[in-house]
Amino acid sequence: MPVEIKDVTFDKVAIGPVSVRVYQGAEYAKGAPVLLYFHGGAFTETGLKHCPLAECIASTGAIVAVPDYNALGGGIFPKPLEVGFSIFSYLAKKRAGLGDRKSPLLIGGEEAGGNIAAGVALKARDHFADELDGQVLLSPLLDPFMASRSFREADAIGMRQRWADGWSHYLSGGVCHPYAAPCLCSRLSGLAPALVLTAADDPLHDEALGYADRLSQAGVKVQQHVLPAGTGWPTIYSGTSNGTGPWASSLASQFSGFVQNISIH
């Protein structure tokens with residue numbers, strides 16, 4: 001499905017005006033899912049840049065809003081989380097003209113954006129439990145200790161130092177709250193259903209699946225999928241992928257199935 005892309009400003013968000021890029025399936029149906037999606041970038045990137053994963057998801061008929069969530073607070077916790085939750089709260093009440101009253105509302109993100117999405121899901125559980133229909137975590141960056149076995153592969157794609165610097169930047173406010181590092185949260189029950197996707201050769205493979213397992217053990221409905229090695233998935237971190245790759249059809253299929261499952265339940 002063709003995707004329309006437009007840049008807008010959410011100017012009625014409690015935290016202040018936020019620039020947002022909206023990816024919208026050109027032929028989206030009534031009740032189309034609305035996904036608040038946080039881009040990657042090791043907690044440091046700002047601006048509205050092209051997001052291939054958001055475009056891929058929108059091609060399924062979804063409406064995907066990608067905010068410039070680091071612009072207001074410099075990417076230091078808790079500001080990105082506050083920006084994300086403020087936008088979520090706004091969408092939960094108004095939908096900001098996106099979708100309609102029957103549209104399921106989801107949050108999601110890749111890499112550092114997956115961290116923000118997981119943190120917003122935790123806060124939504126605590127404050128807006130009935131408003132969030134699902135969370136989409138694509139190789140989320142969750143562990144500030146970077147201690148997993150798969151993380152040893154980070155040097156191979158040139159990301160170990162970038163992620164270490166990113167964590168130092170994000171936590172430089174001196175706080176390591178569970179909202180900042182969701183893998184450290186001791187209470188995961190009651191969270192919205194989750195789609196967790198990673199790749200076999202992804203350095204974030206272990207922490208993604210480890211979090212998915214903990215969600216399942218806490219009674220959260222989880223759909224998880226591991227892409228085969230060599231699909232080009234890790235290039236979402238290096239910025240060398242300007243379009244879709246072999247991962248696109250799997251992501252589209254997994255997202256569509258996830259939305260169908262949460263809609264049934």
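In the predicted model, Arg-160 has a relative accessible area of 28% and is therefore classed as partly exposed. Its side chain takes part in a salt bridge with Asp-155, in which the closest N and O atoms are 3.4 Å apart. Asp-155, for its part, counts as exposed, at 53% relative accessibility. In general, side chains of opposite charge can pair when their charged atoms come close, and in this model the count comes to six salt bridges.

A further salt bridge, with an N to O distance of 2.7 Å, is formed between the side chains of Asp-7 and Arg-21. This pair links distant parts of the chain, since Asp-7 belongs to strand S1 (residues 3-10) and Arg-21 to strand S2 (residues 18-25), the two residues being 14 residues apart. The partners are placed in unlike surroundings: Asp-7 is partly exposed, with a relative accessible area of 47%, whereas Arg-21 counts as buried at 16% relative accessibility. The side chains of Lys-49 and Glu-45 also meet in a salt bridge, with an N to O distance of 3.9 Å, which falls within the 4 Å cut-off for such a pair. Both residues are partly exposed, Lys-49 with a relative accessible area of 49% and Glu-45 with one of 26%.

The strands S1 and S2 that carry the Asp-7 and Arg-21 pair belong to an open sheet of eight strands, whose order is S1-S2-S4-S3-S5-S6-S7-S8 and whose pairing is mixed. S1 and strand S8 (222-227) are the edge strands, each of them pairing on one side only. On average, and with direction ignored, neighbouring strands of the sheet are turned by 20 degrees against each other. Strands of a sheet pair through backbone hydrogen bonds, either parallel or antiparallel. S1 and S2 run antiparallel and are joined by eight bridges, and within this pairing Ile-5 stands opposite Tyr-23 in S2.

Two helices that lie across strands of the sheet were examined. Helix H2 lies across S1, S2, strand S3 (34-38), S4 and strand S5 (105-111), and runs at about 170 degrees to S3. Helix H5 (residues 205-217) lies across strand S6 (134-140), strand S7 (194-199) and S8, and its direction makes an angle of about 160 degrees with S8. For H2 (residues 79-94), the 16 residues should span 22 Å at 1.5 Å a residue, and the end C-alpha atoms are indeed 22 Å apart, so the expected and modelled spans agree. H2 is mostly covered, with 12 of its 16 residues buried; among them are Pro-80, Leu-81, Val-83, Phe-85, Ile-87, Phe-88, Tyr-90 and Leu-91. The helix is followed by Arg-95, whose phi is positive, near 65 degrees.

The loop between strand S4 (63-67) and H2 contains Asn-70, which counts as buried because its relative accessibility is 2%, under the 20% limit for that class. When residues up to four places away in sequence are not counted, Asn-70 touches His-39, Phe-43, Thr-44, Glu-45, Thr-46, Gly-75 and Pro-80. Two of these contacts connect to features described above, as Glu-45 is the salt-bridge partner of Lys-49 and Pro-80 is one of the buried residues of H2. Another loop, between S3 and helix H1 (52-58), holds His-50, which is partly exposed with a relative accessible area of 39%. The C-alpha atoms of His-50 and Lys-123, which are 73 residues apart along the chain, are separated by 27 Å.

With regard to cysteines, the count of disulfides comes to zero. Cys-56 is in no disulfide, and the nearest cysteine sulfur, that of Cys-51, is 10 Å away, whereas a disulfide would require the two sulfur atoms to be within 2.5 Å. Cys-56 is buried, with a relative accessible area of 5%. Cys-183 is likewise in no disulfide, the nearest cysteine sulfur being that of Cys-176 at 8.2 Å, and Cys-183 is partly exposed, with a relative accessible area of 22%.

Definitions and conventions:
Residues numbered from 1 in each chain as written. Predicted model: local features only at pLDDT ≥ 70, side-chain atom pairs only at ≥ 80, totals over all residues. Heavy atoms only, no water. Helix = DSSP H or I, 4+ residues; strand = E, 2+ residues; numbered from the N terminus. Buried < 20%, exposed > 50% of the residue type's maximum accessible area, 1.4 Å probe, protein only. Expected span 1.5 Å × (residues − 1). Contact = heavy atoms within 4.5 Å. Pairing = 2+ DSSP bridges. Axes fitted to C-alpha atoms, helices over the stretch in contact; angles between N-to-C directions.
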